[in-house]
Amino acid sequence: MVSYLILTHFKKTAEFVTDDIEDATVNKIALWLCTFTLSVAVCAVLLLPISILSNEVLLTFPQSYYMQWLNGSLIHGLWNLVFLFSNLSLVFLMPFAYFFTESEGFAGSRKGVMARVYEAVVLLLLLALLVLGIVWVASALLHDNIARKSLYDLWEYYLPYLYSGISLFGVLLLLLCTPFGLSRMFSVTGSLLVKPNLLLNTHLLLFLFSFILLAFLTEMRRKASPWQRNLGYPLAMLVLLALTVMCVLMVCFNVLELLLDETAMPRGMEDPHLGMASFSMFGSLGAAVQVVLILYLMVSSVVGFYSSPLFTGLLPRAQDTNLTQIIANCVSLLILSSALPVFSRTIGITRFDLLGDFGRYNWLGNFYIVFLYNMLFAGLTSASLIKTVTWAVQRELIRAFGHTHTLYPSTQHKQAL
């Protein structure tokens with residue numbers, strides 16, 4: 001329901017309000033498929049924090065009868081369902097939704113919804129054969145001894161192998177988007193909050209910018225209470241800085257663990273054994289911090305994804321996003337969210353590395369890949385953080401020291417204004 005409300009908020013109204021019954025039916029079916037895909041993405045994001053919190057609840061109430069339904073088999077089954085639906089959405093549902101909206105039926109066939117369904121199904125089958133062929137060739141190059149034997153083993157081999165490739169692509173995408181998003185979080189949060197005055201004369205600024213758009217923001221600053229100006233913004237910036245620094249420190253600690261302890265390598269667990277021990281050395285407090293950091297990294301990755309020059313065009317706009325853009329956004333969010341559990345375990349945010357049946361064929365057993373990934377993430381995040389803080393300090397110093405010149409502008413400046 002929440003996913004449907006989100007999509008209807010962004011979809012272009014004119015595209016769905018049409019007199020053509022056939023187009024309206026096609027758009028509704030495609031919107032339902034996008035709703036399901038977005039719901040799977042939300043489940044993929046929330047399942048890891050819920051699993052960590054469930055473990056802490058079982059540790060806190062070990063003898064409670066009402067908590068016995070929380071167990072390892074439940075979490076294991078939910079993980080497998082999320083990964084199965086992720087593959088289903090990425091490989092079948094979203095390509096079908098795109099082909100369905102673009103199809104018109106084969107030449108010579110009777111027009112209608114079923115004609116468009118037939119064309120979309122044929123295109124989808126061709127795409128599935130292409131993807132399976134690519135996966136089989138990749139598996140033959142990497143595992144020649146089992147590729148021929150597993151040619152017909154779709155369920156036990158190809159789906160896990162395909163998810164391994166998708167998770168690898170998603171984790172690489174998170175590696176690029178998350179550090180950039182962590183730096184962008186400061187500017188995004190600052191634009192949503194009222195900044196402190198810092199020696200600014202708001203009445204003068206309101207007069208100077210009375211004929212431009214900045215007048216609205218200046219009016220917000222003038223009406224803001226002293227608590228909002230001088231406490232809310234600095235606290236928000238400090239919280240973001242603390243979360244970012246904590247992520248970098250945890251990654252650095254994970255690098256040391258990788259060098260000293262072989263068990264620090266991420267590997268899929270067959271049984272999570274909930275309620276046996278905390279997944280954090282700091283107990284429930286550490287588990288709560290892990291949940292906050294996981295959600296913070298997800299939000300930062302989304303911000304970085306939509307802020308990058310390659311994907312800026314995908315940014316949805318309220319009541320002005322066509323169906324093709326909605327499909328592309330759902331696919332992108334599903335790739336990011338399905339890779340979040342692997343990403344969180346790889347950089348050491350949590351030791352909970354349940355991958356279910358899809359963890360048997362993964363690239364996480366290579367020490368050099370995991371070690372290099374951690375080093376790149378720590379380096380990129382540190383560089384982005386240092387650059388952001390340095391530029392922020394420079395802006396505030398220029399604003400403070402240049403204030404005397406803006407308070408008493410010259411005659412030429414007055415004429416220009």
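## Helix α12 and its surroundings

Of the 24 residues of α12, 20 are buried, so this helix is largely enclosed by the rest of the structure. The model described here is a predicted one.

**Helix α12 and its ends**

From its first C-alpha to its last, α12 reaches 35 Å, close to the 34 Å expected at 1.5 Å a residue. A kink of about 45° is nevertheless found in α12 at Leu 340, shortly before the proline Pro 341. The N-terminal end of α12 is capped by Asn 322, which places a side-chain oxygen 3.3 Å from the backbone nitrogen of Thr 324. Beyond the helix comes Gly 348, with a positive phi near 80°.

Within helix α12 lies Ser 332. Its relative accessibility is 12%, and because buried means under 20%, Ser 332 counts as buried. Ser 332 is 159 residues from Leu 173 in sequence, yet their C-alpha atoms are 9.9 Å apart in space.

**The loop before α12**

Gln 319 belongs to the loop between α11 and α12. Most residues other than glycine have a negative phi. Gln 319, by contrast, has a positive phi, near 60°. With a relative accessibility of 38%, Gln 319 counts as partly exposed, since that class lies between 20% and 50%.

**Comparison with helix α4**

Helix α4 covers residues 72–102. At 1.5 Å a residue its 31 residues should span 45 Å, and the 43 Å between its end C-alpha atoms agrees with this. A kink of about 45° occurs in α4 as well, centred on Ser 89. The table sets out the values for the two helices.

| Helix | Residues in helix | End-to-end C-alpha distance | Expected span | Kink |
|---|---|---|---|---|
| α12 | 24 residues | 35 Å | 34 Å | about 45° at Leu 340 |
| α4 | 31 residues | 43 Å | 45 Å | about 45° at Ser 89 |

**The second largest pocket**

Helix α12 also contributes to a pocket: together with α1 (2–10), α3 (21–60) and α11 (283–307), α12 (323–346) is among the helices that each supply at least two residues of the lining of the second largest pocket. The volume of this pocket is about 510 Å³. Its lining comprises 20 residues, and those nearest the pocket centre are Ile 6, Leu 38, Val 42, Val 302 and Leu 333. Classed by residue type, the lining holds 17 nonpolar and three polar residues, with no charged residues.

Technical notes: Residues are numbered from 1 along each chain as its sequence is written. This is a predicted model: local features need pLDDT of at least 70, side-chain atom pairs count only at pLDDT 80 or more; totals for chains, interfaces and linings use all residues. Side-chain values use heavy atoms; hydrogens and water are left out. On a 1 Å grid over the protein atoms alone, a cavity is a set of points where a 1.4 Å probe fits but cannot get out, and a pocket is an open set with protein on both sides within 12 Å along at least five of seven lines; lining residues have an atom within 4 Å of a point. Grid points are joined across faces, edges and corners, and a volume is the space filled by probe spheres set on the points. Helices (H or I, at least four residues) and strands (E, at least two) are DSSP runs, numbered from the N terminus. Ala, Val, Leu, Ile, Met, Phe, Trp, Tyr, Cys and Pro count as nonpolar, Asp, Glu, Lys and Arg as charged, and the others, Gly among them, as polar. Buried means under 20% relative accessible area, exposed over 50%, partly exposed in between (1.4 Å probe, protein chains only). The expected span of a helix is 1.5 Å times one less than its number of residues. The bend at a residue is the angle between axes fitted to the seven residues ending there and the seven starting there. A polar contact is a pair of N or O atoms within 3.5 Å; within protein, one must be able to donate a hydrogen and the other to accept it, and residues adjacent in sequence count only if both atoms are side-chain atoms.
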